[in-house]
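I opened the model today to look up two things. The entries below follow the order in which I checked them.

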Amino acid sequence: MTNSTGKAHRKRKPRANHAFQDRKRLDSPLGQVEVRLPASLAAQHEILAQEVADAAGWLLDELGDFRVVRKNLDARRRPVKAVWTVDVAQQGHVLPAIEFPIWNAAPLSSEAPEVIIVGAGPAGLFAALECLEQGLRPIIIERGAAVRQRRRDLVRITQDHQVNPDSNYCFGEGGAGTYSDGKLYTRSHKRGDIRSALECLVAFGADPAILVDAHPHIGTNKLPGIIQSMREAIVNAGGEVHFGCRMVDVLETAGSVKAIQWLELSTGRTVERACEAMVLATGHSARDVFLLMHGKGWKLEAKPFAIGVRVEHPQSLIDQVQYHGEERGDWLPPASYKLVCQVDGRGVHSFCMCPGGIIAPCATEQEQIVTNGWSPSKRDNPYANSGMVVQIDHEIWEQAGFHGPLGGLDFQRMVEQACWAAAGKTQRAPAQRLLDFLAGDEGRVSRDLPVCSYVPGVVSVNLRELLPASIAKPLVEGLRAFGRKMPEFLHPDAILVAPESRTSSPVRIPRDSDTLEHPEVSGFYPCGEGGGYAGGILSAALDGTRVVQKLALKHSLKQV
Ligand SMILES: Cc1cc2nc3c(=O)[nH]c(=O)nc-3n(C[C@H](O)[C@H](O)[C@H](O)COP(=O)(O)OP(=O)(O)OC[C@H]3O[C@@H](n4cnc5c(N)ncnc54)[C@H](O)[C@@H]3O)c2cc1C
């Protein structure tokens, strides 16, 4: 942002208030300041310029270029404040130009060693890009379709209730994140360079605003294009991407990976390809991959995760609550929330909140219901949805009769299948008004259901009876607690849709903390969310990069 038109700004004397007098003058002609002002005013250039000049301790006339480099909101009270970090330059000086990243990997030499990457989600794609950086040839094997074709498979779910087990909301080019809200937050600050991952997304077409927003997101409409550009760059540099190819076996000899086998879905042909290094980035929903490894006797561990429901409210209600009744205007984004509490020592929390979003049918097999949420880049749908989930662990699935490393997965499958059966064995999902779910000791079936964004449709069911008590009970208490914090949350038109069950992987594939290889199979690198090493787009991408950096190190040592 630049106040290039000197004329537009009134010459204003320093304000005779203490805040200004106390403010230290920036001595250097280039610097950085923080401004904090009502968000509605921050959207007005002249007012912002004055605020920036004040923050620098300069007269408005002294202010030259300025550029917002970090945008945060303080919505704790009305009016909602913009808290922005701004780079500033005095008149006569210019801010250094921002170099927007471009992707420019040199083509691979014909000698480049191959790395097999199974899965083209964020972990697999970033692993492939890192291979190119390291002079390794990525060979991506992806069971699902390329983004365009994949869209047709999504329509078949919503319109015909037909789930293609290889191409759906979780499987296909770009992985589970392709048709998502594209939130790019991660709690991890250790797993690599977040900034460079964001810059990489910008290089492939994401809005540079993601480098500035404190809570960046991309949106379902923008993600496919970005992912397609990544794939094109990978192929142009000499990598390979094989869609419609489901990995069906990994061959090893003497504790080292030796070859991969995949099924070419269009021909039914099984293809075998030798390999010395394989990155397994198959995500949290590839149950066949966990079963394959379990069948081979390779070490796996059950991992705690969370199950619950998706709740949906009118977005306008969430805006009113979060912005304290202030008009949202076009200067505030659709509001979000984050809720968390403990019920008898068990965590209950909101998950993957999608402001202005849609509840998506995310089953990966025909006989199950799975929900999640997505939003377009503008987040301009009239609904706000979020997962509301209960932390579950071995105590819960063992009580239900499931044991061993796949105990959590079996419990997850049981819940998803029960929801499918209860709602009529289509992709319609069982649902209930929030207030009916909370009613009395047992809940009550809703007489009717409010309009809901879940396109395949919803069926009125008492979720208190349908969900295992180990989930339903803490969920009831958790939702009541959220209602005490935010009374409007218990709105008569709020609806619960079940189940939200793919919050993270129910299985961990162990890996050596130093080499990142599976402890029993050298050259085999579990990666991303499926291995239990990520919990979202950004952390999966960072893990893909990290794994290949380790793998390349080993490879270069071997060459010496
Ligand atoms: C609807 C939805 C919304 C979401 N919203 C967000 C969000 O806003 N922000 C966020 O951070 N996260 C979000 N997530 C979660 C996020 O998408 C995942 O955390 C992330 O994609 C994990 O990346 P990954 O690469 O580890 O695995 P995945 O993205 O799951 O990719 C795994 C890939 O492996 C392929 N595969 C699986 N098995 C095989 C096989 N046998 N052979 C070949 N290929 C195989 C799959 O087809 C898939 O493409 C959302 C998920 C969904 C479903």
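**Core first**

I noted at the start that this is a predicted model. I looked up the largest nonpolar core and found that it has 92 residues. Leu 201, Met 247, Met 278 and Val 279 have the most contacts inside this core. I then checked which element gives the largest share of the core, and it is H16, with nine residues. I also asked where this core lies. It lies between domain 2 (114–301 + 509–559) and domain 3 (304–500), because both give residues to it.

**Ligand next**

I turned to the ligand and found 37 residues surrounding it. The closest are Ala 123, Glu 142, Ala 176, Glu 529 and Ile 537. I sorted the shell by residue type and got 18 nonpolar, 13 polar and six charged residues.

I looked up where the shell comes from. Domain 2 and domain 3 each supply at least three residues. Among the elements that give at least two residues each are helix H4 (122–133), helix H15 (528–531) and helix H16 (537–559). Strand E16 (371–374) is also one of these elements. Strand E7 (245–253) is another, and E7 gives the largest share of the shell, three residues.

**Polar atoms and cover**

I checked the polar atoms around the ligand. An N or O atom in the side chain of Arg 143 is 3.1 Å from a ligand nitrogen. A polar backbone atom of Gly 182 is 3.1 Å from a ligand oxygen. For Gly 536, a backbone N or O atom lies 3.2 Å from an oxygen atom of the ligand. Last, I looked up the cover: the ligand taken alone exposes 990 Å², and the protein buries 96% of that.

Conventions. Residues numbered from 1 in each chain as written. Predicted model: local features only at pLDDT ≥ 70, side-chain atom pairs only at ≥ 80, totals over all residues. Heavy atoms only, no water. Near = heavy atom within 4 Å. Polar contact = N/O pair within 3.5 Å; in protein donor to acceptor, adjacent residues only side chain to side chain. Areas by Shrake-Rupley, 256 points an atom, 1.4 Å probe, with all protein chains shown as cover. Helix = DSSP H or I, 4+ residues; strand = E, 2+ residues; numbered from the N terminus. Nonpolar A, V, L, I, M, F, W, Y, C, P; charged D, E, K, R; others polar. Domains from an automatic or database assignment. Core = buried A, V, L, I, M, F, W, Y, C linked by side-chain atoms within 4.5 Å. Buried < 20%, exposed > 50% of the residue type's maximum accessible area, 1.4 Å probe, protein only.
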